[in-house]
Amino acid sequence: MHSPTVQSPQRTNIAWIIIVASGVVAGLHIWKLSPALGIIRGELGFSLFFSGVLLGVVQIAGMAGGLAVSLLSEVISQRRTFIAGLLLVAIGSALGAFSPNAIALLATRIIEGAGVIMATVMGPGLVRLHAPLKTMNMAVGWWAAYMGLATFIGVFSTAVALQHLPWHFWWAVLACISLIPIPLILKFVAADSPSGSSAVRMAASRIAMTARSARVWVSGLIFGCYTVQWMAVVGFLPTIFSEFGLSAVAGGLASAVVGGLNAVGAIISGALLHRGLNGRTLLLIGFGMMALTSVLTFAVDYPADLLWVQMLCVGMFSLGGAAIPTTVTRIVVDLAPPGGSAPAAMGLAQQIFNIGNFTGPMLLAAMASWTGGWNSTWWLTVLFAALGSLLTLQLSRKNSPFASSP
């Protein structure tokens, strides 16, 4: 059986660092919208619910395309698929710069989403393929931090940039930035061997076998229980903070710090896995912290002089929750059944991850609109935290993948 990773590329730290940095660049296109929503809503005119659709629609390609991307990588190689993803986000952002209305912008967000899913499905496998074995867990932790880093950089830079630039121009700037990693990937990330078009049937068979694995589905659902909360809360933070009277820059900075704390949490979680902490414990701690801190964030009516307490709580929500993507990213590729495909396992998990990303903002916006405010939104986060904890316990009952995660 010919595998796309039969050749053993040289393992170097510079290779996995470039891969992680490229993932951050792709992630910027998810988070550039959040601090720009107020300006774009004023210019193009759409509802709060449509804002949730715009925030989530970038994930729509990932909802259906994770397994398709893994098949593409089997045929043309993981590295080429990764590069193609960066090209797509650049094209989508460039087209978005010329969007005349909300529907056109929505369409370009879908193109960006296709690029993001291509990069993010390939990223973990490429990191595992190129990171030195002694730094593998640390490298995986940094990959799990890419979304938090993208949130911090994307939200804050956009909030600052839009004080001086039209949003259309900023979209064009980010399109150009997306092209910068490509020559670095070609130079420092070794090519992996594709199966080739003649092996499509064999690759499809491996993917189908992986898709029949209940354990891969459960790990993906755990992933989704995290992201449905995190994307919803962090995606609307600039809007929430603006309603509390913060300026666009102050709200953007506060939201960026919350996203950055997620990256810090992912790096810490990777280090804890490296030191041998059981992955099940990390997942349960992550879901427990998300439930507790979301209640403290939204269920309490804070006076203006205690707004910093609410910010601290939502920061801990992001920091603690980071244990979940770090752990799932580390174990999911090991859950592929014999004769299955590790990229397909990650692709399936990413599909469910992106369903959460897509539905989370809409669910939160719908709940806030229905109840007349953000105070009741903790119902959503606690529900999914409880579900994620139950799925974690189910995954660890028999042939637990967590025993081999360190």
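Which helix gives the most to the lining of the largest cavity? The answer is α12, with five residues. Let us take a friendly walk through this predicted model, starting with how far it can be trusted and then coming back to that cavity.

**Confidence**

The chain has an average pLDDT of 84, and 93% of the residues score at least 70. Among the elements of the chain, the lowest mean pLDDT, 74, belongs to helix α4 (residues 60–76), while helix α9 (residues 167–179) has the highest, 96. Please take care with residues 1–7, where pLDDT stays under 50. For this stretch the model has 21 contacts beyond four places in sequence.

**Spaces inside and at the surface**

Searching the whole structure turns up three cavities of 30 Å³ or more. Of the 17 residues lining the largest cavity, Tyr146, Met147, Phe223, Pro325 and Phe353 are the closest to its centre. At least two lining residues come from each of α7 (136–144), α8 (146–161), α12, α17 and α18 (342–371).

The second largest cavity is lined by Leu237, Ile240, Phe241, Phe244, Thr297, Phe298, Gln310, Met311 and Val314. Here the elements that give two or more residues are α13, α15 and α16.

There are pockets to look at as well. The second largest pocket has 20 lining residues, and Ser34, Pro35, Gly38, Pro238 and Ser242 lie nearest its centre. Helices α2 (37–44), α3 (48–57), α13 and α14 each supply at least two residues of this lining, and α2 gives the most, with four.

The table sets out the volumes and the classes of the lining residues.

| Space | Volume | Lining residues by class |
|---|---|---|
| Largest cavity | about 150 Å³ | 12 nonpolar, five polar, no charged |
| Second largest cavity | about 40 Å³ | seven nonpolar, two polar, no charged |
| Second largest pocket | about 280 Å³ | 10 nonpolar, nine polar, one charged |

**Helix α16**

Helix α16 covers residues 307–321. How far apart are its end C-alpha atoms? They are 21 Å apart, and this agrees with the expected span, because 15 residues at 1.5 Å a residue should span 21 Å.

Within α16, the buried residues are Leu307, Gln310, Cys313, Val314, Gly315, Phe317, Ser318, Gly320 and Gly321. Gln310 and Val314 also appear in the lining of the second largest cavity. An α-helix has 3.6 residues a turn, so residues three or four places apart point the same way.

What do the buried residues of α16 pack against? Their partners are α12 (214–235), α13 (237–243), α14 (248–274), α15 (279–298), α17 (323–332) and α19 (378–395).

**A residue of α12**

To finish, look at Ile222, which sits in helix α12. Is Ile222 buried or exposed? Ile222 is buried, because its relative accessible area is 1%, and the cut-off for buried is under 20%.

Leaving aside residues up to four places away in sequence, Ile222 touches Leu283, Phe287, Ile324, Val328, Gly388, Leu391, Thr392 and Leu395. Ile222 and Leu390 make a good pair to find on screen: they are 168 residues apart in sequence, and their C-alpha atoms are 9.1 Å apart in space.

Definitions and conventions
Residues are numbered from 1 along each chain as its sequence is written. This is a predicted model: local features need pLDDT of at least 70, side-chain atom pairs count only at pLDDT 80 or more; totals for chains, interfaces and linings use all residues. Side-chain values use heavy atoms; hydrogens and water are left out. The expected span of a helix is 1.5 Å times one less than its number of residues. Buried means under 20% relative accessible area, exposed over 50%, partly exposed in between (1.4 Å probe, protein chains only). Contact means heavy atoms within 4.5 Å. On a 1 Å grid over the protein atoms alone, a cavity is a set of points where a 1.4 Å probe fits but cannot get out, and a pocket is an open set with protein on both sides within 12 Å along at least five of seven lines; lining residues have an atom within 4 Å of a point. Grid points are joined across faces, edges and corners, and a volume is the space filled by probe spheres set on the points. Ala, Val, Leu, Ile, Met, Phe, Trp, Tyr, Cys and Pro count as nonpolar, Asp, Glu, Lys and Arg as charged, and the others, Gly among them, as polar. pLDDT is the predictor's confidence in each residue, from 0 to 100.
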